[in-house]
Amino acid sequence: MSSYNVYSASPVFEMARRQFDQVADHLEIRLDERERVFMPKRVLAVSCPIHRDDGSVAVFQGFRVQHHLTLGPTKGGTRFAPNLEVGEVAALAIWMSWKCGLVGLPYGGGKGGIAVDPRLLSPRELESLSRRYMQEMIPFIGPHVDVMAPDIGTNEKVMAWFMDTYSMYLGRTVSEVVTGKPVSAGGTAGRREATGRGVSYLIARACEMTGVNISGATVIVQGFGNVGSVAAASLKERGARIIGVSDDRAALFDERGLDIEDLVAYQARRGSLAGYENASSIAPDDLLVQPCDILVPAAVERVIDAHNAGKLRCRILAEGANGPTTPEADRILRDRGDDIFVIPDILCNSGGVIVSYFEWVQGIQQLFWDETEVMDRLYRTLERSFQAVIAKARAEQLSHRDAALTIGVTRVLEAKRMRGLFP
């Protein structure tokens, strides 16, 4: 596909391409169809100038990628991270498409963000930048075109600023233009915890299949942000023992088990796990290869690679992050056979987009559900998707990742074939 070279500088995009090519070969997708299914429909790059608190003007680069609109609006998070680049954003949008296809949502994948470290902005600067980004996006987004959500570096408050900016432009409240909002601003109960709780639910199902007793099982969580911290707390409620956690500044380990509530409170006060004294520090790379029953990479892409995949000493690998395992590492894990039970990312972390869909539907209908109903619907959707992946893997002798991707890609491919190509 000649268009691939547009993103050739991005290893994350190359990783998504290689995953797709493998599944496309398995599905025997015609070569002339592949580019239409894989390549993003629309890629936006915008400049976002703001006034800094010292009176100067700073300009930040923002992006938004809409992968396809065949099944409905695009849907996906908005990431504020210092090293964000368009190839990474495109790969994340593509993975979101397969994720929505896998769990049966009427969405295409979207992703966006700004190349900025939000921790270096004052609260006023963060609000100004958030609103400016949304203002630049207004011609290209909307509740039936592209629906944004939080991601790394953003949160409920940023989503409320997005929604308010869009609503002020239209002259009326449009709560369904974003998801992941505070409940007081039209959000849905359980959305913030949905991804982490979904990770915990699927781990419990994997434990049942592998014979691991989750009560007393040892867990390491790499990435102690919203997904990782909620997953850790939820797994602890199920009886697991969390022996290792990390964020981008520190990694902690204690075989006796960590106090998750204390860690969450410490991180909220300090903004990081750095300096925490009630556990031993460990090198972040070493944390991933410590013996444990369950390993949860819940941070960023490409942390499990050819160098450490053969050294993993877990029974279950639950991918809370997007794209944490490289294709080279995948081959090593496949060669290890049944040694490690992989819950692939597009299944494992799909709880967030599933409950975002519920929030979107509730916003359109103005009919809201309580948290019990939200969680019940979430777990039923995850269970259906989990069983579909396991059945596909067994029937076609595929890895769990290839099975999940096959289901997601097939749904998009069939929809495009049925709709045809507009002249």
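Here is a chat between a trainee and a mentor about a predicted model.

Trainee: Let's start with cysteines. How many disulfides does a search of the whole structure find?
Mentor: A disulfide needs two cysteine sulfur atoms within 2.5 Å. C100 is in none, since its nearest cysteine sulfur, in C348, is 16 Å away. The search of the whole structure comes up with a count of zero.

Trainee: And C292, which cysteine holds the sulfur closest to its own?
Mentor: C292 sits in the loop between helix 9 (284–287) and strand 10 (294–297). Leaving out residues up to four places away in sequence, C292 touches T218, I220, I243, R313, C314 and R315. There is one cysteine among those contacts, but the sulfur-to-sulfur distance of 5.3 Å is too far for a bond, so there is no disulfide here. The closest cysteine sulfur belongs to C314.

Trainee: Is C292 buried or exposed?
Mentor: The cut-off for buried is under 20% relative accessible area. C292 has a value of 8%, so C292 is buried.

Trainee: How far is the C-alpha atom of C292 from that of M168?
Mentor: Along the chain, the two residues are 124 residues apart. In space, their C-alpha atoms are separated by 50 Å.

Trainee: On to the inside of the protein. Which helix gives the most residues to the largest nonpolar core?
Mentor: In soluble globular proteins, nonpolar side chains tend to be buried together. Here the largest nonpolar core has 93 residues, and W98, I203, V245, L263, V296 and I343 have the most contacts inside it. The top contributor to this core, with 12 residues, is helix 3 (residues 86–103).

Trainee: Which valines does W98 contact, leaving aside neighbours within four places in sequence?
Mentor: The contacts of W98 include F20, F38, H67, I346, L405 and G408. The valines on that list are V37, V409 and V412.

Trainee: What is the relative accessibility of S97?
Mentor: S97 lies in helix 3. Beyond its neighbours within four places in sequence, S97 is in contact with H67, H68, G108, G109 and V412. S97 counts as buried because its relative accessibility is 0%.

Trainee: How many residues are in the second, separate core?
Mentor: Its members include A58, M134, M148 and V174. One of these, M148, is also touched by T78. The size of this second core is 27 residues.

Trainee: Where does T78 lie?
Mentor: T78 counts as buried, because its relative accessibility is 0%. Among the residues T78 touches are R64, G112, Y133, A149, D151 and F162, with residues up to four places away in sequence not counted. The element that holds T78 is strand 3.

Trainee: P73 next. Which tryptophan is in contact with P73?
Mentor: P73 is in the loop between strand 2 (57–66) and strand 3 (74–81). A relative accessible area of 7% is under the 20% cut-off, so P73 is buried. Outside its neighbours within four places in sequence, P73 contacts include P106, Y107, G108, P143, H144, V145 and D146. The tryptophan on the list is W360.

Trainee: What distance separates the C-alpha atoms of P73 and T179?
Mentor: In sequence, P73 and T179 are 106 residues apart. The C-alpha separation is 13 Å.

Trainee: How many charged residues are in the lining of the second largest pocket?
Mentor: That pocket holds about 520 Å³ of space. Of its 19 lining residues, G337, D338, I340, L398 and H400 lie nearest its centre. Helix 6 (191–210), helix 10 (327–335), strand 12 (341–343), helix 13 (371–396) and helix 14 (400–419) are the elements that give two or more residues to the lining. The lining has eight nonpolar and five polar residues, and the charged ones number six.

Trainee: Last one, backbone angles. What is the phi of R302?
Mentor: Most residues other than glycine have a negative phi. R302 lies in the loop between strand 10 and strand 11 (316–318), and R302 counts as partly exposed because its relative accessibility is 34%. R302 is not a glycine, yet its phi is positive, about 65°.

Trainee: And where is Q366, which has a positive phi near 55°?
Mentor: Q366 is also a residue other than glycine. Its relative accessibility is 52%, so Q366 counts as exposed. Q366 lies in the loop between helix 12 (351–365) and helix 13.

Key
Residues numbered from 1 in each chain as written. Predicted model: local features only at pLDDT ≥ 70, side-chain atom pairs only at ≥ 80, totals over all residues. Heavy atoms only, no water. Helix = DSSP H or I, 4+ residues; strand = E, 2+ residues; numbered from the N terminus. Buried < 20%, exposed > 50% of the residue type's maximum accessible area, 1.4 Å probe, protein only. Contact = heavy atoms within 4.5 Å. Core = buried A, V, L, I, M, F, W, Y, C linked by side-chain atoms within 4.5 Å. 1 Å grid on protein atoms, 1.4 Å probe; cavity = no way out; pocket = protein on both sides within 12 Å on 5 of 7 lines; lining within 4 Å. Points joined across faces, edges and corners; volume = space filled by probe spheres on them. Nonpolar A, V, L, I, M, F, W, Y, C, P; charged D, E, K, R; others polar.
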